[in-house]
Amino acid sequence: IFSLLVGYVPNGVDNAQGYRARMLRKYTDSVKYIFTELPTRRYVNRYRKAGIAIEQMLSLHQYFTDNRSLGLSVRIEDKLNELKESLQYTATDRDETEIRLLKDGSVIASLLTDEMDPGYCHCIQYYNGGRLIRSEHYTKGIAYVEYFMTKVSADGPYAELSRRSFYSSEGEVAFDQIYREEKEMYLFPNGRACTKSEFITEFVKKLNLGEGDIVLLDRSAQFDFVQPLFMYGNKARFIAVFHSGHFFEKGEDVHALYLNYEYYYWFKYSGMIDTMVVSTEEQKKELIEKLKEYGCSVPKVEVIPAGGIDRLRYPDTVRKPYSLLSVSRMDSRKKIEWIVRSVIKAYERNPDISLDIYGRGEHEYTKQLQNLVARNNAQTYIRFMGRADVTEVYKNYEVYVTASLWETLGLSVMEAAGSGMAFIGLNVKYGNRLFIHPDENGYLIEYDPENLQGNDEELIECMADKIVEIFEDNDRLEQFHQVSYETGREYFSSKIEDKWKRLLL
């Protein structure tokens, strides 16, 4: 399965991969999830939390050694005793994730402890005169060592990575990764040198894919592994999973217009893809139409939702009265400012209304939202809750509200339905139309990007009206909850598992 992403904030693809991993694990363990970029411990643990077993993760870089496990084996106390002798440190300073070793009052090294396995060390950083010079990274023993050069910028000195050496299980250098002026090369002990693109191609060749193999592609844009996979796939079965919209009309997305760049390769090489997977029938229809319009081959297109729920969740006591909930990444495409503004207007007519916003993301966008709340003195009824496991949170609220410009499926909307929440959301493709049934379990706000043209006051007024209206009749609101529960039943994980089984087995 390509690929686990490194260097970006958590997103819906990560969550969908976790959902699928938990499902697949029930009937097969012959699955590998590929990191095509070298993962730090933070990213390994992110995907562990999402539901992917560490034994199933494979780092492209460590594949070129015999030390391929991403599990940890170096205990903190053992390493401290070893360094006591070699570094002769005189004191330590500890916090939850780091143990600093001091000598003559200065930090000479830091041991980084693992968030999920706190008894183990995953990295040691070495300092000279307060400057980082080397870091050792551990899995089953030492995995690789990074070497730094001190450079100076307008902001002062900084550590620049110059070389990374990867080690075998016997402690010998398997190869080096060299950085020079934004270029990187890979050097092997036999003298062979290759570029990053050639390195990835060699990895794909080493996989020795054949007719008995299935390759799932979760991502393609700007990644060097896509073309080598198609070139050296050797008749493996390719399945491309669409986690977002493939085409955006003007105004549907703040970052994209027309063909989604993320799926450029999949359109270009559609003749080499056996199956494309989308989450809704509406997207399947539009995808087939767009492939034909662009003159591309049309492979088999399957509809398999990106996630599922294990059961319906009911409140332990009563839902918080007049409560609204928003769960999403902090991203301008989510249009959370529309939610905030509409709640502020609705609050003027019903001061019992409250909104809790869960999620984390773009710092500047988050700050804008917080400033919007502060300017309107709305801190008492609009709260930012940060990122959290919200599985058991939905059931405590009455209404889920979303202003996202599109949701291919919308995992949070699906989970809200499984917890019986009523809805207010925009009438946009694709997921909202699956989960929100007008006047049955909530309201869809009409949204036409062509007609909006920067004037959103009418839309905000309409959202505010629906927020006020949805709380005016408790009996109707309870009926909305029951309809959402019935909608959620259609997305039980067992049903999604059956779809994957039929496709893969």
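## Nonpolar cores

The largest nonpolar core has 43 residues. Phe-203, Leu-217 and Leu-229 have the most contacts inside it. Helix H4, residues 196–207, gives the most to this core, with four residues. The model is a predicted one.

Phe-203 touches Phe-2, Ile-34, Leu-58, Leu-60, Tyr-63 and Phe-64, leaving aside residues up to four places away in sequence. A second core is separate and has 41 residues. Among its members are Trp-338, Ile-344, Leu-405 and Leu-459.

## The ten-strand sheet

Ten strands form an open sheet with antiparallel pairing. Their order is E3-E4-E5-E6-E7-E8-E9-E10-E11-E12. The edges are strand E3 (91–94) and strand E12 (193–195). Each has a single partner strand, so one side of each lacks a neighbour in the sheet. Neighbouring strands are turned by 25° against each other on average, with direction ignored.

One pairing can be followed residue by residue. Strand E9 (residues 156–167) pairs with strand E10 (residues 173–180) in the antiparallel sense, over five bridges. Here Tyr-167 stands opposite Val-173 in E10.

## Helices on the ten-strand sheet

Helix H3, residues 76–87, packs on this sheet. H3 touches E3, strand E4 (98–103), strand E5 (106–113), strand E6 (121–128) and strand E7 (131–139). The direction of H3 makes about 160° with that of E5.

H4 also packs on the sheet. The strands touched by H4 are E10, strand E11 (183–187) and E12. The direction of H4 makes about 100° with that of E12. H4 is also the helix that gives four residues to the 43-residue core.

## The four-strand sheet

An open sheet of four strands runs in the order E13-E14-E17-E18, with parallel pairing. Strand E13 (214–217) and E18 are the edge strands. Each of them has a single partner strand, so one side of each is left without a neighbour in the sheet. The twist averages 25° from one strand to the next.

Strand E14 (residues 237–241) and E17 pair in the parallel sense over three bridges. The bridge partner of Val-241 in E17 is Val-277. Strand E17 (residues 275–278) is joined to E18 by four bridges, and the two run parallel. Met-276 stands opposite Val-301 in E18. Edge strand E18 (residues 300–303) has two faces. Val-301 and Val-303 form the covered face, whereas Lys-300 and Glu-302 form the uncovered one.

## Helix H10 and its cover

Helix H10, residues 411–418, is mostly covered. Seven of its eight residues are buried. These are Leu-411, Ser-412, Val-413, Met-414, Ala-416, Ala-417 and Gly-418.

The cover over these residues includes both helices and strands. The helices include H1 (12–24), H11 (432–435) and H14 (474–489). The strands include E19 (323–327), E22 (399–402) and E23 (422–426). Gly-420 follows H10 and has a positive phi, near 75°.

## H1 against H10

Two packed helices are described by the angle between their axes and the distance between the axes. For H1 and H10, the axes come within 10 Å and cross at roughly 55°. H1 and H10 are therefore oblique to each other.

On the H1 side, Gly-12, Asn-15, Ala-16 and Tyr-19 make the contact. On the H10 side, Leu-411, Met-414 and Glu-415 make it. By class, this contact has four nonpolar, two polar and one charged residues. Leu-411 and Met-414 are also among the buried residues of H10.

## Two buried helix residues

Asn-45 lies in helix H2, residues 41–50. Its relative accessible area is 3%, so Asn-45 is buried. Asn-45 touches Asp-114, Glu-115 and Met-116, not counting residues up to four places away in sequence.

Phe-267 lies in helix H6, residues 264–268. Phe-267 counts as buried because its relative accessibility is 3%, and the cut-off for buried is under 20%. Phe-267 and Ile-309 are 42 residues apart in sequence. In space they are 31 Å apart, C-alpha to C-alpha.

Conventions: Residues are numbered from 1 along each chain as its sequence is written. This is a predicted model: local features need pLDDT of at least 70, side-chain atom pairs count only at pLDDT 80 or more; totals for chains, interfaces and linings use all residues. Side-chain values use heavy atoms; hydrogens and water are left out. Buried means under 20% relative accessible area, exposed over 50%, partly exposed in between (1.4 Å probe, protein chains only). Contact means heavy atoms within 4.5 Å. Axes are lines fitted to C-alpha atoms, for helices over the stretch in contact, and angles run from 0 to 180 degrees between N-to-C directions. Angles under 35 degrees count as roughly parallel, over 145 as roughly antiparallel, 65 to 115 as roughly perpendicular and the rest as oblique. Ala, Val, Leu, Ile, Met, Phe, Trp, Tyr, Cys and Pro count as nonpolar, Asp, Glu, Lys and Arg as charged, and the others, Gly among them, as polar. A nonpolar core is a set of buried Ala, Val, Leu, Ile, Met, Phe, Trp, Tyr and Cys residues joined through side-chain atoms within 4.5 Å. Two strands pair if DSSP finds at least two bridges between them.
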